Each structure stands twice: as structure tokens, then as C-alpha cells.
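Here is a short report for a reader meeting this structure for the first time. Please keep the sequence and the 3D view at hand.

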4 protein chains.
Amino acid sequence: MSANVTTSGSAASGGPVHPALIEDLVAANRILAGHGVLDAYGHVSMRHPAHPGRYLMSRSLAPELVTGDDIMEYDLDSNPVESRERVMFLERFIHGEVYKARPEVNAIVHSHSPSVVPFGVSSVPLRPLYHMGAFLHPGVPVFEIRQVAGMTDLLVRSPELGAALARSLGDRPVALMRGHGNVVVAATVPLAVFRAIYTETNARLQMQAINLGGSVTYLEPEEGRKAEATNAGTIARPWELWKKRVLHP
Amino acid sequence: MSANVTTSGSAASGGPVHPALIEDLVAANRILAGHGVLDAYGHVSMRHPAHPGRYLMSRSLAPELVTGDDIMEYDLDSNPVESRERVMFLERFIHGEVYKARPEVNAIVHSHSPSVVPFGVSSVPLRPLYHMGAFLHPGVPVFEIRQVAGMTDLLVRSPELGAALARSLGDRPVALMRGHGNVVVAATVPLAVFRAIYTETNARLQMQAINLGGSVTYLEPEEGRKAEATNAGTIARPWELWKKRVLHP
Amino acid sequence: MSANVTTSGSAASGGPVHPALIEDLVAANRILAGHGVLDAYGHVSMRHPAHPGRYLMSRSLAPELVTGDDIMEYDLDSNPVESRERVMFLERFIHGEVYKARPEVNAIVHSHSPSVVPFGVSSVPLRPLYHMGAFLHPGVPVFEIRQVAGMTDLLVRSPELGAALARSLGDRPVALMRGHGNVVVAATVPLAVFRAIYTETNARLQMQAINLGGSVTYLEPEEGRKAEATNAGTIARPWELWKKRVLHP
Amino acid sequence: MSANVTTSGSAASGGPVHPALIEDLVAANRILAGHGVLDAYGHVSMRHPAHPGRYLMSRSLAPELVTGDDIMEYDLDSNPVESRERVMFLERFIHGEVYKARPEVNAIVHSHSPSVVPFGVSSVPLRPLYHMGAFLHPGVPVFEIRQVAGMTDLLVRSPELGAALARSLGDRPVALMRGHGNVVVAATVPLAVFRAIYTETNARLQMQAINLGGSVTYLEPEEGRKAEATNAGTIARPWELWKKRVLHP
């Protein structure tokens, strides 16, 4: 991680980051690509472990190709600490503005997760169907960019749009973006990856349950809270498997 | 299999188990992961071949990663014979309590099999659609944990909940768990794997048949009984293929 | 192919078969497994090139594992020329009886092709949706085994049942088997494989078209006849690809 | 690229083509096969970079198998510059006639893209659902071959049919072909590949959104125009990934 030297950026670096953490961030990119949550688009970030006013994310690159050398450091206005003329994601403001609004959040995934996109354009809300999707219990808001910016290219390409998305997200773990994708946040990189994968899975299962044509029983909020707490204690199991698949296949 | 020495557990071991049987249990884990019946969660157990009061199952680990060294031995109260501080599955009581209630059962799969979850939350019952799903002919009950424990994290994390699930299962091969997954039982490991895979497949085909919008003809119970008996004689064919794929790919 | 010596069978062999033809039959097994038309079950046969009263098919074995050494020879009553105590498919009578009824047929696939099973249990008929499924234009009958044998295990396990299925098939290329699977026939092995693959694909596309909820335009019979004739001239292209994938991956 | 010598063809060559461009055309074939947009059928072409009256496309071959040596050169009447008795695609007139009608188009994909075929036979129109499908904003016409030629084999096998398809396409990027497939055009090979992949994806997501049963919000034309312009600037990112996967896996 060479992002600890400030030569051309507008902000001071938060300092060196342990290689194991960078490895986790790289793994997160590849894991989500491997699960089809990310395709050639989308991005994953982590807050700087030593400096809450900085975050780390790849230069503009397909997630499947990301290595440690591609990780850049940004301040929360999403200015690069050291750009070295690397191309940056247009939508990095999603990350900076959510980190500003949510001090307890340390990892963010933005994706076009395929089973989730339909819920972003439908009047049918995404709801937790089984315990693996329990974290959805607070409800899943849909960010309608037209309400804040009228007709756009749908991208969150400014601090203002990032802040508007953060307001829509509120204190929840997932927000959908109409006609675009979604954003998933968590306190750690493994938990953000877990939530992104099971948001996709829960969405697919909910579609299928609806298509059966009968009534559907969703999780009660209390069930959601309890199951979410339990799942938080089991993250090490999938994370071990997922990292092994992408780093030591 | 080192589970034949009692140092820290609360129960005596059922004795050494032939490596070929352990290999089958390991293969079962990987086969079900390979078919997408298990993801990073879920588990497979077998009853101890020499001691009906003991069963064998991996320590808490993603099924795809299980090796013979990860297999632990439990008594039917799901106490480990020798824990050696290994982390255990929270839901091992599914296995212990079903083995208590069903003396003829020697293998159990608990999964979040993706096409089956929707039937666990829908008012539309899972039914045998074709001969490969014939074993579903006695009907597929849905275990509603709320009826026995109110608002929970949905996990079968105690002997009492395991016993309640076993009562819901009754003498059938498969029970769904609302908002969670399912449990599949059989007299042998290969048959439990077969049933878990074709429960998933039958569920997917049933969804599609319903979506066609016409009337659907299901198997008659007598057809189910006859086809199930026939299929039982052909298990060696898929088992040979599936083991070869995971053990000698 | 060692099936040219009669030691224990009830019928004389049709004589040696060119290895390239055996290779095509082996490839057909693996191609259909690779496309998911066959799983661990199902079978492919070819008529003996020198003796129309004999056919060739694997011993009871998962199609993905079939090699030239597994190919057995049968007479049209489905007696083996030389059994050598090999286990035979219970449903080999599908092949023998269809070869009797259809002199122009030289290759047969029996499968539980997943997208086709739903059409076998639904009141909605399978119909050609696009030119690749043009061969379905004569209509796709559904064989209801109850009409000829009452409550069964659904398997075509006798010459009588095979003959009944052949009557249901009539002069068409595909028949569905209610609660079971389907049978696909053609003049050559590559064409039978082509038809089995595009029966599966057409079924999946038809499901999706129906699910869109609007009206659906199917091929007219004349379009079907013309497109089928054209496609027959292009079989070499997919066959080259498919064989290369399974024989020289 | 040996297509710069005229020995047996009816037209003069447009001259040698840089190997990097031929590599892009080869990559396009393999990328689209890898994404399931093409199976053993379908084709991709590019206009000759130095001579707008010529185009380049593989001989009749499954796209997954195409190499640089398989690329042939054609004039816009789809006569080969040098046939060397290679088999040509029956439907090459799609390419020649669209190049005639659309001077700004330099790359064309014809496919049976699976999620798109249902929209070609349904009364429900394909519409842009999310920003990745923004290029669909001008509407997606359906070419009904019956209107120009009555009962056919559905193939665009003549200059007249190619011209009729080009009229149906008009100035749009995508046209569906009823009971057959679709045609996608763009100014560059990477953009044509991008559009073919996201036409498939948008179609799948639209099906799912419709199946949820609620109301669906599509992109407004202005959103479509703006998002399309933005996406055009990001093509390098997926193209780098896709090429790497097929050329240096």
C-alpha cells in the first residue's frame, strides 16, 4: 500500500495500512465478483483503520482484477490522497458521504447485484424471507434520484448526490437505487460482503416465493433482530471459505 | 478419525469408524456444496455405524472445506465425545434429536437449499412432480418455530427445539423450516444426499410448472411409493459420479 | 467395441462398429451431461450401423462417465448380445421399441431435461418458439403412463410400455413422459443431441415468454418445416464445438 | 489476416488490417460465447477500418472456436473477397445491409441471446430498466419477417431480407427478430459487445421485475440518453476484463 505518501493529492494520508487488511479488501472485490454480485462494475471500500476521515478503494478497475497495488486512499470528500493520474470511480461519493453520515460503518459495497435491481424498480418491497437475510429487517429504502436531481444519468457523481443517498439509507444496512443498483454497509469488510451476498440471495428467493402465487410469510422484526445477532457470530465460517476460493484456489 | 479417545467430552466414543465411511461423509459435504444445496452453511451427519447412540459430523466449517480430520463424534444429546475446543454447529441438536426419534435414520442433511426455501414461507406446499422426487409422496411438513418458541433467531439451537422439529418431521423424509431451510433424512449417507439434491430439483421444477399457468399433475401417492422403491435400487449410479467429481476431479 | 462376440447373450451381434461412431456415441453422452440435459440419469443410444435389428448403448452408468468400453449391444427386444454381467438400464425398452416402430430413426435420447419436465405435467403444451426449436412443429405429445398401466413407478421397464410410448410418439421427434422426462429421436446421433439440447432451450424460453404476461407468437407449422430443413444443414457447426469441448477440452 | 489478396472473390480487398483489431474481433466472439449471448450459433462482424465498403467476419464456425485465421472479408453485398471455399454464414446479409444503411455503425452482433428471444415473441416490449441498459431508450423494434416475406425459415438469407431488417432497425442500436434472435449495432467492437451483453442482462432483469407483480418504473428517455453517454466513457473497464478472461485466462 503506497497510499501513505502525499505528493499530488489534496489531503494527508491516514498512514500505512496493514497488508492483511488490504488483502481483505482485495479479497472482497474478488469474492463479490465470484458470486455475481459485481460484474465489471461496482466497487468496495473500507474506512482507513487508523484515520476515520480516510477510506480505501481500488482505482477504476473491474473488481475481479483488483490487486493491492490498485488500492487508493481518499478523504471523505472523496479527494484522492495521491492520485498519480489513476482513473477514479465516478461514484466514489457514495462511499465518502456514507462514511461521513455513519461513523460506525467501516465498509461499503456498491453493486448492480442482479436479483436486487428488479426490487429497485418495482413497487414490491424487498423483505427478509429467511434468517440469512435477517439484516434487512429495518426495511430497505429505495433511493429515487429524480426526487433530488430530476433527470440524470442515474449515477451518484457528486457529494450532494452522495449525501442524498446517505439520507435515504438512514441507519439501515441496505438501500436500493432505482434504475441502478444498491449500496450495502457494515462495520467490517467481511460483514459487508456477507450482507451483499445475502441481499442478492434473499432477493432471488423472494421473487420465487412470490411467483408461487400463495401467501408469503416474512420474518417478523423481532426474528430479524435476533437472527441478525446470531449470524454476526458466524461470519468467520463463510469468510474463511470465500477468501480461500479467491486467494488460494 | 480420532474421535475414539475420550479426554474432555461427556460421553464415551462409539469406537473407531472405517475410513471409507468417513470418506463418504466428507464426500457428502462436498457433493452437496457442489450442487448448491449447501453454501457456506448447513451440515451433514451420519449415525455411528457401531453405536446407534452416537453420530458423526464436521466441526463448524463450510462444507466445501471439510476433511476427515474435521469430523467430530457426538452423543444423541449432541454433547461432543472429545471437543478439543473445536467450534461446534449451533444447530447440531437437529441431528441428535432426529436420531433419537427415528431409529431407522442413519444420515441427516440440514440445508438452506435455495429452491426449497420459498416453499417454506409460502402457502403452496412442496409436492412430488416427477419420479426423482417420489420420496416426497408422504407430504412435506413445514416446521413453524413460532408455534413452539415464539419469536426466535429461527435456529434449532436446543434439544427442545430439535425435538419439536423431529415431531414435525414425523416419519417423513423431509421437513421444511419456515424462514430458514430444511432437513432431509435417510437410512444411508448416499440416499440422504440423493434426497437433498432431488428435493432441490423437484422444488425448482414445481415452481416452473406452476408458473406456466395451467393445471399441474402431481404424482399419486401410489406412484410415489413405487417410484421411490425403484430409485432406491439405483443410488449407486449417481453416487459413483458424485464421489468421483469431488474426490478425484 | 467388444460387443461383436456372443458368449452369453441371446442374440447375434450386428458386427464390429467403427471406433469413430462409438466415439460419437460417447461424446453424445458427455455433451448432454455438459449441457445439463442429462444428470446422473438418462441415456443415449444409436442403431447398429450395419444391422438395423441391433442398437448400442452404455451399460447402466452416469452419462458423464461413459467410455467406449461401456457400450453394450442389444437386439430390438432389448436383450443384450453379450451381457458379461454388466448392469443394464431398466428403461432400455424405450430404445428397442422405438427402433422397431421407426425404421428411419438411428439415435435416441431419454432424459429428465429440467426445463422440459414442467411441460410434461402441465396442461400447457410445449411449442416451437424460435427457429432453433423448429423441429417441434408437428406438436409434442405427452405420454401418460396411467392410461396404459395404471399406477406404476413411472418407468418404461417392459417391451409393452416401450411400445406404448412409441405409439404416443408416433412419427414425431419428441414425446414428453408425464412425471418423468422425455424421449428425443433423430436420424443421426448429432441431430438427436441437437434436438435434445434445443428442446431444453425452447422449453426454458417458452416459460419465460409466458411469464412476461402478454400474448406469445409461436412458429407457424410452415415456418417450422422450413426452419427445420435449414437447421439440418448446419448441424456440423455445433457438433464440432460440442465434441471438442468434451473430447479435447 | 490473409484477406488482403483477391484470388477468387468478386470484390477487391480493403487492404490489410492491424492484428490488434483482428484480435478484438476474435475476442468479441469468445467474450459473447462466454457470456452465453452466443451459443454455437450467431456471429460478430466489424467494418473494414480502411474501407467502409468492406466488413470482416468469421467463416461459418462456432464463435467460441474462432481464431484470426477464420476471419473473412466481404463487400457490402456480402460477397467474399476471397472465399477459398470456406463455408460462409447464411445470414451474412444482416451485416452487409446494415453497414450499407448505417454509415456510423462499425460493429454488428447477431445472436439468439436467450433472455431476449422471449421479448421477440411477446407483446410486451423490451425497455431499459436500469442505467446499464440505457442505450435501449429509443425503443426496441421487432422485425416480423412474415410482413416482408410470408412463411420463411426465419433466416435473413438474402440482401432483400437484410435490407428489410435494416429498415426495421432504423437508427436504433438493437432490433429483435421475431422467433429468431436479435441484432445489435455500435460504432466500435467493444461497444457492440457491451450492448449485446447488457441487452441480455436488461431483458432478464425486466422479466424478473414484471414477475414481481407490482408496477415497474422504467428509465425515462432523458435518463436513457444521459446514462448512455456516461456509459460510453467507461467501456474500457469491462473490455479490459473481458479480453483478459478469453485471451489470457
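The text below covers how the chains are related, the pockets, and two residues of chain D.

**How the copies are arranged**

This is a predicted model. Two copies of a chain are related by a rotation about an axis and a shift along it. Start with chains C and D. A turn of 90 degrees, with a shift of 0.0 Å along the axis, lays chain C on chain D with an RMSD of 0.0 Å. That is the relation of a four-fold axis. Which C-alpha of chain C is nearest the axis? That of C:Asn211, at 4.8 Å from it. The contact surfaces of these copies differ: 3% of the contact residues of chain C recur in chain D.

Now take chains D and A. Chain D goes onto chain A by a turn of 90 degrees and a shift of 0.0 Å along the axis, with an RMSD of 0.0 Å. In chain D, the C-alpha nearest the axis belongs to D:Asn211, 4.9 Å away from it. Only 3% of the interface residues of chain D are also interface residues in chain A, so these copies meet through different surfaces.

**The two largest pockets**

The largest pocket holds about 1600 Å³ of space. Its lining counts 46 residues, and the closest to the centre are A:Arg204, C:Gln208, D:Ser115, D:Arg204 and D:Gln208. Which elements each supply at least two residues of this lining? They are helix H6 (189-211) of chain A, of chain B, of chain C and of chain D, together with helix H8 (236-247) of chain D. H6(D) gives the largest share, nine residues.

The second largest pocket has a volume of about 550 Å³. It is lined by 24 residues. Nearest its centre lie A:His35, A:Ile197, A:Thr201, A:Arg204 and B:Asp39. H6 and helix H8 (236-247) of chain A are the elements that give two or more residues to this lining. The largest share, six residues, comes from H6(A).

The table sorts the two linings by residue type.

| Pocket | Nonpolar | Polar | Charged |
|---|---|---|---|
| Largest pocket | 20 residues | 16 residues | 10 residues |
| Second largest pocket | 12 residues | seven residues | five residues |

**Two residues of chain D**

Look at D:Asp24 next. It is found in helix H1 (residues 19-34) of chain D. Is D:Asp24 buried or exposed? D:Asp24 counts as buried because its relative accessibility is 15%, and the cut-off for buried is under 20%. Beyond its neighbours within four places in sequence, D:Asp24 is in contact with D:Val189, D:Trp239 and D:Lys243. With D:Lys243 there is a polar contact, side chain to side chain, at 2.7 Å. D:Ala62 is 38 residues from D:Asp24 along the chain, and their C-alpha atoms are separated by 17 Å.

D:Arg102 sits in a loop. That loop runs between helix H2 (93-101) and strand S4 (107-111) of chain D. D:Arg102 has a relative accessible area of 8%, so it is buried. What does its side chain reach at 2.8 Å? The side chain of D:Arg102 reaches the backbone oxygen of D:Arg172. Neighbours within four places in sequence aside, D:Arg102 is in contact with D:Arg47, D:Leu169, D:Gly170, D:Asp171, D:Arg172 and D:Val185.

Note on methods. Residues are numbered from 1 along each chain as its sequence is written. Chains are lettered from A and ligands numbered from 1 in the order in which they are written. This is a predicted model: local features need pLDDT of at least 70, side-chain atom pairs count only at pLDDT 80 or more; totals for chains, interfaces and linings use all residues. Side-chain values use heavy atoms; hydrogens and water are left out. Copies are superposed by least squares on the C-alpha atoms of residues with pLDDT of at least 70 in both. Contact means heavy atoms within 4.5 Å. On a 1 Å grid over the protein atoms alone, a cavity is a set of points where a 1.4 Å probe fits but cannot get out, and a pocket is an open set with protein on both sides within 12 Å along at least five of seven lines; lining residues have an atom within 4 Å of a point. Grid points are joined across faces, edges and corners, and a volume is the space filled by probe spheres set on the points. Helices (H or I, at least four residues) and strands (E, at least two) are DSSP runs, numbered from the N terminus. Ala, Val, Leu, Ile, Met, Phe, Trp, Tyr, Cys and Pro count as nonpolar, Asp, Glu, Lys and Arg as charged, and the others, Gly among them, as polar. Buried means under 20% relative accessible area, exposed over 50%, partly exposed in between (1.4 Å probe, protein chains only). A polar contact is a pair of N or O atoms within 3.5 Å; within protein, one must be able to donate a hydrogen and the other to accept it, and residues adjacent in sequence count only if both atoms are side-chain atoms.
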